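Visitor: Could you take me on a close look at a single part of this model? I'd like to see how one piece sits among its neighbours.

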Amino acid sequence: MTTPAIQRADLSAQNPWPGLRAFTENDRDFFFGRERETAELLGIVKRAPVVVLYGQSGLGKTSLLQAGLFSELKKLDYLPFRLRFDQEENAPSFALQLQQALVAALEASHVDVVHPAPDETLWEYFHRRDLDFWGPRNRLYTPVIVLDQFEEIFTLGQASDKSAARVSQFAADLESVIEHRPPDAVRERLEAHPESALAFSFQRLPVKFVLSLREDFLPQLDPWRSRMPSLLPNRLRLERMTAAQALSVIERAGHELVDPAVAREIVDFVSSSQRVQAERSMERRDVEPALLSVFCTELNQRRIARGQQRITSDLLTEERAGIIQAF
């Protein structure tokens, strides 16, 4: 299996699967099979201030967010953006990285709003009474801050005392925002100058958060949840695709390339253990999305190399063992 094939950047009708890379928002016209999960996640984000998305590695959490959730949110005047924290030793604090990513997203979408001050805490900024995100055509937006690959907080974020301290500080920053608790220094300042409290709304939160992480790191959130009960109730577990969902991925994205009978052969080959699939209905079998995408991408590249117009049953039979062995 060649790396260029599975990392190809631009999707098209002749190249509709991204291989190992995640679907981006620009790829949404080729993103199929996750309509139910997109709708479910959208519903949770709409009603909750903070959402935890989790699942095993390779199930497409980032793809679901970027190609599924983001476009649906934007239809409803939300402003989603994805942030993966820089974990380098000398990187800025996570709060500052979040502020910088927020400002970039606001400027890209031409949102009229005051930007965070250099010395302003996340609590102070997000609880400002005058904080409204006005977009083009005088529409009020709600930013949705997606903290992707959040498990790195518990891996790379513990590499040194300095990085662990940065994680601890961000936990306190996030707690102050989503639980509406002013940091100690801010609270002391407000108690000393009660009139300054009029500048803040202590319960209103004009943004939302989505934390996306690998399922095996979910227990690492337990200490956080004891301080942040908002992390507990609103969660979505992303599971493997059903065979029916995988069939939708092949037939709808590759409708110019694959006949329905061949699409079903592909699903039969990649679903479950490849041995028990004949005994299960399409809804009861499951498929690894990463394997499906890589297999379809590589099979399509071999179609192109042969100069064929379509992916045929003969091509599948001749190439499938080599593709799986390489994978």
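Visitor: To start, in which sense do strand β3 and β4 pair, and over how many bridges?

Guide: Happy to! Keep in mind that this is a predicted model. Strand β3, residues 133–135, pairs with β4 in the antiparallel sense, and three bridges hold that pairing. One bridge places F133 with Y141 as its partner in β4. The two strands form a hairpin with three residues between them, and in that turn R137 has a positive phi of about 60 degrees.

From here, let's follow β4 to its other partners. Strand β2, residues 78–83, runs parallel to β4 and is joined to it by six bridges; there, R82 stands opposite V146 of β4. V146 also stands opposite V210 in β5, so to speak a meeting point of β2 and β5. Between β4 and β5 there are four bridges, and the two strands run parallel. Another of their bridges has V144 in β4 and K208 as its partner in β5.

Strand β5 then leads on to β1: six bridges join these two, again in a parallel run. In that pairing, the partner of G55 is R214 in β5. As for its surroundings, β5 is mostly covered, with six of its seven residues buried.

Now for the helix that these strands help to cover. The buried residues of α6 are covered by elements that include β1 (50–55), β4 (139–147) and β5 (208–214), along with the helices α4 (94–108), α5 (122–126) and α8 (222–227). Among the buried residues of α6 are S163, R166, V167, F170 and A171, and further along D173, L174, E175, S176, V177 and I178. The helix covers residues 161–178, and its length can be checked: at 1.5 Å a residue, its 18 residues should span 26 Å, and its end C-alpha atoms are 26 Å apart, which agrees. After α6 comes H180, with a positive phi near 60 degrees.

Let's finish with one helix neighbour, α4. The axes of α4 and α6 come within 8 Å and cross at roughly 60 degrees, which makes α4 oblique to α6. On the α4 side, F94, A95 and L98 take part, and they meet R166, V167, F170 and D173 of α6. Sorted by class, this contact has five nonpolar residues, two charged residues and no polar ones.

Key. Residues numbered from 1 in each chain as written. Predicted model: local features only at pLDDT ≥ 70, side-chain atom pairs only at ≥ 80, totals over all residues. Heavy atoms only, no water. Expected span 1.5 Å × (residues − 1). Buried < 20%, exposed > 50% of the residue type's maximum accessible area, 1.4 Å probe, protein only. Contact = heavy atoms within 4.5 Å. Axes fitted to C-alpha atoms, helices over the stretch in contact; angles between N-to-C directions. Parallel < 35°, antiparallel > 145°, perpendicular 65-115°, else oblique. Nonpolar A, V, L, I, M, F, W, Y, C, P; charged D, E, K, R; others polar. Pairing = 2+ DSSP bridges.
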